[in-house]
Amino acid sequence: MRKLIAVAAAIGAAVLMTGASIDGARAADKQLTLCWAAWDPANALVELSKDFTKQSGIDMKFEFVPWTNYADRFLNELNSHGKLCDLIIGDSQWIGGSAENGHYVKLNDFFAKEGISMDDFMPATVVGYSEWPKNTPNYWALPAMGDAVGWTYRKDWFAKPEIQAAFKEKYGRDLAVPKTYDELKDIATFFQGREIDGKTVYGASIYTERGSEGITMGVSNVLYDYGFEYQNPKKPYEMEGFVNSPGAIAGLEFYKELYKCCTPPGASNSYMSEGLDAFKSGQVALQMNFFAFFPGLYKDPNVGGDKIGFFVNPAGPAGHFTQLGGQGISVVAYSDKQDEALQYIKWFAKPDVQKKWWTLGGYSCAKSVLNDPSFPESAPFAAQFLESMAMVKDFWAEPSYAQLLQAEQKRVHDYVVADQGTAKEALDKLVADWTQVFQDDGKM
């Protein structure tokens, strides 16, 4: 999941790009418009799609909108039955509403005809990006952009002899990549307010943003590992004792402790772009963020290369999971060029195209790419990405997901950042909020 907010500071303003076919053909009936967010992977897709134009003669036009406007812009387009987008790379949370409201073309018959098997893609991405209802063989998208929450750290700081010695003296163990949340908190506490190279630094940048989805995407990583469940696995929409279990309460308390002890000044409304800024400016030792940004960070002249390291979301006392990001690619039901759009889906699903997608900076979901023995060594963060995609969980994908998300944003932010009430009270209220949404939907 991703998505509803700003990374404009990190990725620039809206981009509208048009790719040309090799021979310059631009016939109107030979052009497709693909809609997505404006960020580095979108630029990689433009480059990749030149091969499609060369092979098919179909010109590609791209409508890329900053994350600040991404959801509003394209959900409004879908809800109004607009014809701007022939193809759309939509948020994983859109699948339920887009399927039930007829926005996306169901792809089962097409997949069967063309021999495209969902068994060729990582299971978590099929469930997260393609299926509705979840865990049923009903497909509305092809997995397109795998993503999950991971962590970066200042590898060069960790390697300083004086830092290593001070950490071992305080904690009785070597300073190393954290395996558990307790270890992560120790490291963040150790670096908080420490002076390095004449500059005061801080422990960790974590998600706290209130307005869209930020703090939910952050706290989920901890809640999952402390035993939080969205519902009773044996009884859908039964949330009492699962959303607000003792483990979930302890996880929420931990997240607040981490925020209070170990984040930079002014970190009360941080999400993707703020995390990137904090890490790039040398403020923090640790950063929570999506893998999609790691290629750019590795190339950063100030904090990349030998200075940066990567690790998977740590484990908690009740499990080891991480928050799913990423999106699938769908054919828009209101497009007049569905046949051409399906040609693009068929082309994009090819193993050689998926391999090139990864090399250009996209995150393939294809087993042929991710299960290749050479994959873990193909990028400095490849092994961690592979491990993360095997342990992802995602937020609700219900048609009413926006209401569900707004409720969690409020309850969690009120407790973690605004110091209102207890963790138990926050989660009890969240159960009540979500129960009301599902009752209104006639599902309870």
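Me: Which residues does F279 touch, not counting residues up to four places away in sequence?

Reply: In this predicted model, F279 touches T152, Y153, R154, V284, A285, Q287, L297, V303 and I308 once residues up to four places away are set aside. F279 itself is found in helix 12, which covers residues 272-280.

Me: What makes F279 count as buried?

Reply: The relative accessibility of F279 is 0%, and buried means under 20%, so F279 falls in the buried class. As for its distance from F228, the two residues are 51 apart in sequence and 29 Å apart in space, C-alpha to C-alpha.

Me: What makes strand 9 a mostly covered element?

Reply: Strand 9 runs over residues 284-290, and seven of its seven residues are buried, which puts each of them under 20% relative accessible area.

Me: How do you know in which sense strand 9 pairs with strand 5 and with strand 8?

Reply: With strand 5 (residues 142-154) the pairing is antiparallel and extends over five bridges, while with strand 8 (residues 202-205) it is parallel and extends over three bridges. Two bridges are enough for strands to be called paired, so both cases qualify. Q287 in strand 9 appears in both pairings, standing opposite T152 and opposite S205.

Me: Why is the contact between D156 and R154 called a salt bridge?

Reply: The side chains of D156 and R154 meet at 2.7 Å, N to O, and the cut-off for a salt bridge is 4 Å, so the pair meets the criterion. As to their surroundings, D156 is partly exposed with a relative accessible area of 23%, whereas R154 counts as buried at 6% relative accessibility. The structure holds 18 salt bridges.

Me: What makes the salt bridge between K256 and D419 a tie between separate parts of the sequence?

Reply: The side chains of K256 and D419 meet at 3.0 Å, N to O. K256 lies in helix 11 (residues 246-262) and D419 in the loop between helix 18 (401-416) and helix 19 (423-440), so the pair ties together parts that are 163 residues apart in sequence. K256 is buried, its relative accessible area being 14%, and D419 is partly exposed at 45%.

Me: How do you know that the salt bridge between K443 and E398 joins parts that are apart in sequence?

Reply: The two side chains meet at 2.4 Å, N to O. Since K443 lies in the segment after helix 19 and E398 in the loop between strand 12 (392-393) and helix 18, the parts that this pair ties together are 45 residues apart in sequence. K443 counts as partly exposed at 28% relative accessibility, and E398 as buried, with a relative accessible area of 7%.

Me: Which residues are joined into one network by salt bridges that share partners?

Reply: Salt bridges with shared partners join K256, K260 and D419 into one network.

Me: Which residues have the most contacts inside the largest nonpolar core?

Reply: The largest nonpolar core has 154 residues, and those with the most contacts inside it are L34, W36, L286, Y344, F348 and W434. This core draws at least three residues from each of domain 1 (30-147 + 325-393) and domain 2 (149-323 + 400-440). Leaving aside neighbours within four places in sequence, Y344 is in contact with L32, L34, L45, S49, F52, M60, L87 and I329.

Me: Where do the two domains stand relative to each other, and how many residues of each take part in the contact?

Reply: The C-alpha centres of domain 1 and domain 2 lie 28 Å apart. Their contact takes 19 residues from domain 1 and 20 residues from domain 2.

Me: Why does the radius of gyration of the protein chain agree with a compact globule?

Reply: For 444 residues, a compact globule would have a radius of gyration near 22 Å, and the protein chain has 22 Å, so the two values agree. Along its principal axes the C-alpha trace spans about 70 × 50 × 35 Å. The protein chain has 19 helices and 12 strands, and 57% of its 444 residues count as buried.

How values were computed:
Residues numbered from 1 in each chain as written. Predicted model: local features only at pLDDT ≥ 70, side-chain atom pairs only at ≥ 80, totals over all residues. Heavy atoms only, no water. Core = buried A, V, L, I, M, F, W, Y, C linked by side-chain atoms within 4.5 Å. Buried < 20%, exposed > 50% of the residue type's maximum accessible area, 1.4 Å probe, protein only. Domains from an automatic or database assignment. Contact = heavy atoms within 4.5 Å. Helix = DSSP H or I, 4+ residues; strand = E, 2+ residues; numbered from the N terminus. Rg over C-alpha atoms; globule rule 2.2 N^0.38 Å.
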